[in-house]
Amino acid sequence: MSMPITASTSADVARENAVFRKVVRRIVPFLVLCYVVSYLDRVNVGFAKLQMAGDLGFSEAAYGLGAGLFFIGYFLFEVPSNLMLQRVGARTWIARIMISWGLVSGRSCSSTTRRCSTS
């Protein structure tokens, strides 16, 4: 048995529809942007593999091992990272990640390696 539609229930339905439209207008474009960035990231990993294999002389097995080790590290540290994010707050934790990443990137950028001569 259905309830009769009254002015208050139709107003509630209209309000729900307005909220739904507003959420869709604000969130769907952001989700599409996230999807595009994610897709570009995955495509770039493939291009990087092609370039690294030629430049560094990596075999398929060496690249697979490196990608697998990266995944294992990501898998092991993701849960503790999310627990810390919940404990200290998103702003603080994401800022810490950005600063750490910047320091590590800057440090690795300034490092030099010695080249072995084969002659």
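**Briefing on a predicted three-helix model**

A nonpolar patch of about 1,100 Å² on the surface is made by Leu-65, Leu-69, Phe-70, Phe-71, Ile-72, Tyr-74, Phe-75, Leu-76 and Phe-77. The model is a predicted one. Its protein chain contains three helices and zero strands, and buried residues account for 3% of its 119 residues.

**Overall architecture**

- Read from the N terminus, the elements of the protein chain follow the order α-α-α.
- Helix α1 covers residues 7-56, and helix α2 covers residues 60-88.
- The protein chain has an accessible surface of about 11,100 Å². Carbon and sulfur atoms contribute 68% of that surface.

**The nonpolar patch and its aromatic residues**

- Phe-71 and Phe-75, which are both members of the patch, are both located in helix α2. They stand four residues apart, about one turn of the helix.
- The search for aromatic pairs yields a count of one. This pair is formed by Phe-71 and Phe-75, with ring centres 6.3 Å apart and 25° between the planes.
- The pair is classed as stacked, because planes under 30 degrees apart fall into that class.
- Both Phe-71 and Phe-75 are exposed.
- Tyr-74, another member of the patch, also lies in helix α2. Tyr-74 counts as partly exposed because its relative accessibility is 49%, and exposed residues are those over 50%.

**A charge over a ring**

- Arg-96 is placed over the face of Trp-93. The distance to the ring centre is 4.3 Å.

**The salt bridge in helix α1**

- Across the whole structure, the search finds one salt bridge.
- The partners are Arg-15 and Asp-12, whose closest N and O atoms are 3.7 Å apart. The contact qualifies because the limit for a salt bridge is within 4 Å.
- Arg-15 and Asp-12 both belong to helix α1, where they are three residues apart, about one turn of the helix.
- Arg-15 is exposed because its relative accessible area is 53%. Asp-12, at 36% relative accessibility, is partly exposed.

**Ala-67 and Lys-49**

- Ala-67 is part of helix α2. With a relative accessibility of 38%, Ala-67 is counted as partly exposed.
- Ala-67 and Lys-49 are 18 residues apart along the chain. Their C-alpha atoms are separated by 9.8 Å.

Terms used:
Residues numbered from 1 in each chain as written. Predicted model: local features only at pLDDT ≥ 70, side-chain atom pairs only at ≥ 80, totals over all residues. Heavy atoms only, no water. Phe/Tyr/Trp six-rings, centres within 6.5 Å; stacked < 30°, edge-to-face > 60°. Helix = DSSP H or I, 4+ residues; strand = E, 2+ residues; numbered from the N terminus. Buried < 20%, exposed > 50% of the residue type's maximum accessible area, 1.4 Å probe, protein only. Lys NZ or Arg CZ within 6 Å of the ring centre and 35° of its normal. Patch = residues over 30% accessible without salt bridge, like charges linked within 9 Å, V, L, I, M, F, W, Y side chains within 5 Å. Areas by Shrake-Rupley, 256 points an atom, 1.4 Å probe, with all protein chains shown as cover. Salt bridge = Lys/Arg side-chain N within 4 Å of Asp/Glu carboxyl O.
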